[in-house]
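Here are a few exercises to work through with the structure open beside you. Try each task before you read the solution under it.

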Amino acid sequence: MDSSANRLDWRDIRWRWPFASAIPGYGALSQAKGVMMERAGAPNFFVNRYTGPPRGRDYERWREELYRCTLRVDVQPGAGDSIDCELQASLLGGVLLGTFSGTSAEFSRTRDTLKDGYDGMCLVIATSGRVLISHEEHSIELSESQMCLGDMSVLCGTRMSNHSKIKTIRIPRTLLLTICPKAEDQLALALRGQPPVREAVARYHALAANLGPHTDVVGQHLMAQHMVDLIALLLGTDADRTELASYRGHSAARLDLMRADVIANLSRGDLTIYSVAQKAGVSPRNAQRIFEQTGTTFTEFLLEQRLLLVRKLLLDPLNRWRKVSDLAHSAGFPDVSYFNRVFRRRFGVTPSDMRAA
């Protein structure tokens, strides 16, 4: 599949992005003592928190509805006799992206949960704190930024303690084995190599988990495929599949990350292809080439996003008393005369006329 086909409409994403960064607290479904569950503007995204003992009605409801049914694991205290855990989960095309933080929780595939027959695989990313992984009779401890692939068809678990934070990516087995046939050879190992790919996996997890649920179905499946391709590159595969994963997944993921970086920093006057490329871990020349493969240049993309931002601000009643020049400056246009020319060329009216209309 061509990674540029049916790509997300980034002109529209600019206005969805604030929701992605402020999702906790948006659209609460239910609240009970020690339990908080929220759905945030998308049916396949939720935020959840539980603090309390592993007993009682609230715990059993949370345990059954969320973990046994959604995550396919059981949950117990990771240390002491109390659970303290917050979860953000996003489901994209069969791939489940989770972010867990807290002081005490252990998620495990027990003999009881194994009865559901699920045989997917899960990549665990240690973001901070102490993370212990058990896999059948083996156990390892992950340090910050290390990753480990687990098999959910066997007894396994992940324990958090001492203010740990982890990210997880649950993938259907056949989806991963299609692009990485020898993925099972990497089970229960601390994946320390390829720092650029590991960083790309972690950064793309954050982008896809927050933004993905607010895109259309095609966009969600593309993000899921890009995520799987990145994991295949991390695990290692044969030459033909590596070339496919690099073209279809890694390049597309880097493009998405660079676009997101641009959108998040439109007000910065020093935003250049050099700074964006450096953050993405590529040369400015390669970054420009990745943009050009989509039919636009970095400069054209940056200008379009800034113009769309000003249009958004102009049409917002809360900004009706702000000067047009002020709005232009806040979107990264230091030269008001230049801004007026490109705005009229893009939208066919002056900024003042658009506001008046």
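**Warm-up: the whole chain**

Task: work out what share of the residues is buried, and what the secondary structure comes to.

Solution. Start with burial: of the 357 residues in this predicted model, 50% count as buried. Next, tally the secondary structure, which comes to 12 helices and 11 strands. Then look at the contacts between residues at least 6 apart in sequence: 68% of them join residues at least 24 apart. Finish with the surface, about 16,700 Å² accessible, with 51% of that belonging to carbon and sulfur atoms.

**Exercise 1: a lysine on the inside**

Task: find where Lys167 sits and which residues it is in contact with.

Solution. First, place the residue: Lys167 is part of strand β10, which covers residues 156-171. Second, check its charge partners. Lys167 is buried but has no salt bridge, and the nearest side chain of opposite charge, Glu144, is 11 Å away. A salt bridge would need a side-chain nitrogen within 4 Å of a carboxyl oxygen, so Glu144 at 11 Å doesn't qualify. Third, list the surroundings. Skipping neighbours within four places in sequence, Lys167 is in contact with Gly98, Thr99, Leu123, Val124, Ile125, Thr127, Ala202, His205 and Ala206.

**Exercise 2: three salt bridges**

Task: for three of the 17 salt bridges, say which elements each pair ties together and how accessible the partners are.

Solution. Take Arg49 and Glu86 to begin with; their side chains meet at 3.1 Å, N to O. Arg49 is in strand β3 (residues 45-52) and Glu86 in strand β5 (residues 83-92), so this bridge ties together parts that are 37 residues apart in sequence. Arg49 is partly exposed at 28% relative accessibility, and Glu86 is partly exposed at 26%.

Now go to Arg63 and Asp74, which meet at 2.7 Å, N to O. Here helix α2 (residues 57-71) supplies Arg63 and strand β4 (residues 74-76) supplies Asp74, so the parts tied together are 11 residues apart in sequence. Arg63 is buried at 14%, and Asp74 is buried at 6%.

Last comes Arg159 with Glu106, their closest N and O atoms 3.3 Å apart. This pair links distant parts of the chain, with Arg159 in strand β10 and Glu106 in strand β6 (residues 95-109), 53 residues apart. Arg159 is partly exposed at 33%, while Glu106 is buried at 19%.

If you fancy an extra, look up Asp119, Asp151, Arg173 and Glu184, which are linked in a network of salt bridges.

**Exercise 3: positive phi without glycine**

Task: describe where Glu136 and Ser145 lie, and whether each is exposed or partly exposed.

Solution. Begin with Glu136, whose phi is positive at about 55° although it is not a glycine. Glu136 lies in the loop between β7 (121-135) and β8 (138-142), and at 54% relative accessibility it counts as exposed. Then move to Ser145, again not a glycine, with a positive phi of about 80°. Ser145 lies in the loop between β8 and β9 (147-151), and at 37% it counts as partly exposed.

**Exercise 4: a helix and its buried residues**

Task: compare the span of helix α9 with the expected one, then pick out its buried residues.

Solution. Helix α9 (residues 298-315) has 18 residues and reaches 26 Å from first C-alpha to last, close to the 26 Å expected. Its buried residues include Phe298, Phe301, Leu302, Glu304, Gln305 and Arg306.

Conventions
Residues are numbered from 1 along each chain as its sequence is written. This is a predicted model: local features need pLDDT of at least 70, side-chain atom pairs count only at pLDDT 80 or more; totals for chains, interfaces and linings use all residues. Side-chain values use heavy atoms; hydrogens and water are left out. Helices (H or I, at least four residues) and strands (E, at least two) are DSSP runs, numbered from the N terminus. Buried means under 20% relative accessible area, exposed over 50%, partly exposed in between (1.4 Å probe, protein chains only). Lys and Arg count as positive and Asp and Glu as negative; His and the chain ends are not counted. Contact means heavy atoms within 4.5 Å. Accessible areas come from the Shrake-Rupley method with a 1.4 Å probe; for residues, only the protein chains shown count as cover. The expected span of a helix is 1.5 Å times one less than its number of residues.
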